[in-house]
Structures are given as structure tokens and as C-alpha cells.
Amino acid sequence: MINSAQWNGEYAPCGYSQYKHTSERYYIGLEDTDRVKRGFQALLRSFLENLQKNLSTSMLLNVAVNTTDVIEIENRHHKLTDLSSFFQYSSEQAALLADKIESCFEITKNESESYLRKWEEIRSSQPSISAEVKALIDEYLIEMQSFHTIFSEIIDDFLEYIAHELRSVRDIFIEYADILTDSYRRFKATNLCYNFYMDFLQQWSAIIFKCKTATDLNTAYDVYTISETTSRHVMKQLEFRMQRLYNCLASRDYRIRCQFLRNPERDFSKLFLKLDELQQYFDIKIKRGRVNSNRKRRSDFSEDHKSMELKLKIPLNRDYTSTAGNENKCIPIDFPYKYMSTNLKKCFDILLWEDK
């Protein structure tokens with residue numbers, strides 16, 4: 001039995017008299033990512049509506065760069081080049097958002113790991129703490145390491161899925177923009193040809209746009225939102241546990257302040273449940289069939305590794321399978337020439353597609 005004298009003020013952790021909260025970098029990263037995500041969503045939101053207004057994408061581009069005066073460009077040449085510019089700009093914003101989310105998730109994992117290091121620092125910087133007290137802290141650290149490992153695995157799974165979807169949007173949009181630019185260089189700019197070509201692009205731009213944004217992209221938004229919400233909750237909970245450890249070691253009454261160290265599994269049970277819910281949400285959203293894998297991984301983690309040293313060396317055994325390369329390309333083979341009417345084909349320099 002550890003008596004209260006072992007937990008008096010002499011065990012107050014060195015360097016923790018002023019508690020360090022979750023870093024400002026973490027919250028700045030979340031806010032920056034949210035800002036880019038909102039901008040990207042606003043850019044895409046009214047595209048189809050404006051497309052129906054005779055390919056008037058200038059409005060979308062002006063909104064994206066926060067221009068207050070929206071200029072309606074009547075010239076058909078400008079309308080067609082604006083369409084290409086929209087897909088070019090959107091592809092760049094999709095890539096930017098993927099990079100921001102990747103950076104944000106890496107910061108999230110680093111923050112979780114930093115709380116582990118802080119616990120280890122407290123333990124190693126207190127030579128006067130008895131072996132029995134250190135053993136309790138070690139057991140708590142094992143549970144904390146288990147949580148961090150599974151949390152990081154899930155974050156990696158979410159990141160792989162979201163980044164894949166956004167970069168797929170980037171690839172399709174930039175390919176379509178290049179096709180538009182290249183095709184227009186061979187276009188015979190007559191009034192009749194403009195009518196044929198604008199009708200064609202209005203139809204196919206909508207098809208290609210919806211192919212990449214109607215379902216998968218919205219799912220990626222949802223997955224990011226739930227991961228962000230869970231991440232904020234996890235950081236608050238780890239922050240609370242860090243402060244509670246400080247209060248525990250600084251307290252003169254161990255029985256009141258430090259009971260949580262005696263049952264770390266119970267103390268982390270709600271956080272592990274949150275990870276289970278997060279994993280099940282992910283399974284349902286993308287139909288991976290990995291429900292309850294968290295609970296199994298946690299059980300394996302606890303049973304196979306009894307010591308702190310082994311816990312800290314365990315490799316990540318991730319079972320995520322990317323679908324990269326398996327999705328519909330959205331842009332058909334031999335597009336656009338093969339899908340043009342006979343009259344529209346006459347509006348282009350046939351040498352452009354002579355090898356089709």
C-alpha cells in the first residue's frame with residue numbers, strides 16, 4: 001500500500017509548475033485547414049448553376065479570389081477559356097487542401113505523442129518517487145501508448161482516404177483543363193461552331209464535374225469533419241489527464257487525487273470507445289468492413305506486450321487497402337473527339353485527332 005506521505009509536495013514534477021497546454025500550432029493548423037476547405041467548397045458549390053448560365057464560370061473564379069465586382073463576360077472566347085481556367089484553379093485548390101489536411105493530421109499525431117513524452121519526462125525527472133509509484137505510472141503509460149498507437153493508425157487511415165480523393169479530383173480536373181486548352185487551339189471560331197461546342201461542353205463539363213464531386217468528395221469532407229471533431233476531443237482529454245497527473249503528484253492526499261493511476265484501463269475506456277465509434281463510422285462511410293478492428297488491435301496490443309519497452313517498440317500493422325487506381329476515370333477514352341457530333345467535328349482541325 002502506498003501511503004499519502006509518498007505523494008506529498010516533494011513529488012511535484014520538476015518543470016511542470018506551470019502546465020503546458022496543447023500547442024498553439026495544433027489549433028492554428030486546424031483553423032488553416034478549415035479555411036482552405038471552406039474556400040474549396042465555396043469554389044465548387046455553384047459551378048453547375050453557373051455552367052447552365054451559358055458557361056459563365058467567371059462568377060465562380062471571382063468569388064474564389066474575393067473579388068467584389070462580378071463582371072459578366074459576354075465574349076464567347078472568354079467564356080470557353082474561363083471554363084478551362086476554372087478546372088485548372090480548382091485542381092490547384094484540391095491539391096492545396098490535400099496538403100493542408102496531411103500537415104494537420106501529422107501535427108495531430110505529434111501532439112498525441114508529445115503527451116506521452118511529457119509523462120515520461122515526469123517519471124524520469126523525479127528520482128525521489130518510489131519504485132511502487134513509478135510502477136503505477138508505467139502501467140498508465142502502457143495504456144496511454146496503446147491509445148496513441150491506435151489513434152495514430154486511424155488518423156493515417158483517414159488521411160490516406162481523404163488525400164486520395166482530393167488528389168483524384170486534382171488529377172481529373174487538370175486533365176480536363178488541359179483537354180479544353182488543347183482543343184480550343186484547333187477550334188474554328190464561327191458563330192455556328194460556338195453554339196455546337198458550348199452545348200457539348202455544357203453537357204460534358206457537368207458529367208465530369210459530378211463524377212468527381214457528387215459522392216466521393218462529399219464523403220471525404222464528412223470523414224475529415226468527424227476526424228477533426230474527434231481530434232479536438234482527444235486533445236482536450238489528454239490535456240486533462242496531463243493536468244490531473246500534475247495535481248496528483250503535487251497533492252498531499254494520494255487517496256483523493258491519484259486513484260485514476262490504479263486503473264488506467266478504466267480511465268481510458270471512454271476514449272477507446274470514442275476510437276471504436278470513429279472506426280465504425282469510417283467503415284460505414286467507405287464500406288471497408290473493418291468494424292471493431294480497433295478493439296481487436298487493442299486486445300492484441302495489451303496481451304502480447306507486457307513491458308513498457310516492448311510497448312514503445314511495437315510496429316504499426318495497418319490493414320487499410322487503398323482503392324487508388326480502381327475508380328472510374330470520369331474522362332472517357334478518346335475524349336472529346338469520339339463523343340462529338342459530326343457537325344461539331346467539322347469545327348476543329350482534323351489533324352488534332354488524325355491518329356484517333
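**Salt bridges, buried residues and ring pairs**

Colleague: How many salt bridges does the count come to?
Modeller: The model is a predicted one. A pair qualifies when a side-chain nitrogen of Lys or Arg lies within 4 Å of a carboxyl oxygen of Asp or Glu. By that rule, the number of salt bridges is 14.

Colleague: Arg167 forms a salt bridge with Asp99; how many residues apart are they?
Modeller: The closest N and O atoms of Arg167 and Asp99 are 2.9 Å apart, inside the limit of 4 Å. Arg167 sits in helix H5, while Asp99 sits in helix H4 (residues 76–124). The pair thus links distant parts of the chain, and the separation is 68 residues.

Colleague: What relative accessibility does Arg167 have, and what does Asp99 have?
Modeller: Buried requires under 20% and exposed over 50%, with partly exposed in between. Arg167 counts as partly exposed, and Asp99 is also partly exposed. The value for Arg167 is 23%, and that for Asp99 is 44%.

Colleague: Arg167 also forms a salt bridge with Glu102; which helices does that pair tie together?
Modeller: In the pair of Arg167 and Glu102, the closest N and O atoms are 3.1 Å apart. The two residues are 65 apart in sequence, so the salt bridge ties together separate parts of the chain. Glu102 has 33% relative accessibility and counts as partly exposed. Arg167 belongs to H5 and Glu102 to H4, so the helices are H5 and H4.

Colleague: Where is Lys329, the partner of Glu175?
Modeller: Glu175 and Lys329 form a salt bridge with their closest N and O atoms 2.9 Å apart. Glu175 is in helix H5, and the two residues are 154 apart in sequence. Glu175 is partly exposed at 28%, as is Lys329 at 45%. Lys329 is in the loop between helix H12 (308–313) and helix H13 (342–345).

Colleague: Which residues are linked with Asp32 in a network of salt bridges?
Modeller: Asp32 belongs to a network of salt bridges. Its other members are Arg35 and Lys100.

Colleague: Asp34 is buried; why does it have no salt bridge, and how far away is the nearest side chain of opposite charge?
Modeller: Asp34 is found in helix H1 (residues 24–45). Leaving aside neighbours within four places in sequence, Asp34 is in contact with Tyr224, Glu228 and Arg232. A salt bridge needs the N and O atoms within 4 Å. Arg232 is the nearest side chain of opposite charge, and because the limit is 4 Å, Asp34 has no salt bridge at a distance of 4.2 Å.

Colleague: How many residues of helix H5 are buried?
Modeller: Helix H5 (residues 131–184) has 54 residues. From its first C-alpha to its last it reaches 77 Å, close to the 80 Å expected at 1.5 Å a residue. The helix is mostly covered, and the buried residues number 40.

Colleague: What share of the residues in the protein is buried?
Modeller: The protein has 13 helices and 0 strands. Its accessible surface comes to about 17600 Å², with 50% belonging to carbon and sulfur atoms. Among contacts between residues at least 6 apart in sequence, 84% join residues at least 24 apart. Of the 356 residues, the buried share is 49%.

Colleague: Tyr184 and Phe187 form an aromatic pair; how is it classed?
Modeller: The aromatic pairs number 29. For Tyr184 and Phe187 the distance is 5.6 Å centre to centre, with 25 degrees between the planes. Tyr184 is buried at 16%, and Phe187 is buried at 10%. Planes under 30 degrees apart meet the criterion, and the pair of Tyr184 and Phe187 is stacked.

Colleague: How many residues apart in sequence are Phe200 and Phe335?
Modeller: The ring centres of Phe200 and Phe335 are 5.8 Å apart and the planes are at 15 degrees, so this pair is stacked. Both Phe200 and Phe335 are buried. Phe200 lies in helix H6 (residues 191–213) and Phe335 in the loop between H12 and H13, so the pair ties together parts whose separation in sequence is 135 residues.

Colleague: Which residues are linked by ring pairs into a cluster?
Modeller: Rings pair if their centres lie within 6.5 Å. Ring pairs of this kind link a cluster that includes Phe200 and Phe335. The full set is Phe47, Phe86, Phe87, Phe173, Tyr176, Phe200, Trp204, Phe209, Phe335 and Tyr339.

Terms used: Residues are numbered from 1 along each chain as its sequence is written. This is a predicted model: local features need pLDDT of at least 70, side-chain atom pairs count only at pLDDT 80 or more; totals for chains, interfaces and linings use all residues. Side-chain values use heavy atoms; hydrogens and water are left out. Helices (H or I, at least four residues) and strands (E, at least two) are DSSP runs, numbered from the N terminus. The expected span of a helix is 1.5 Å times one less than its number of residues. Buried means under 20% relative accessible area, exposed over 50%, partly exposed in between (1.4 Å probe, protein chains only). Lys and Arg count as positive and Asp and Glu as negative; His and the chain ends are not counted. Contact means heavy atoms within 4.5 Å. Accessible areas come from the Shrake-Rupley method with a 1.4 Å probe; for residues, only the protein chains shown count as cover. Rings of Phe, Tyr and Trp (its six-membered ring) pair if their centres lie within 6.5 Å; planes under 30 degrees apart count as stacked, over 60 as edge-to-face and the rest as tilted.
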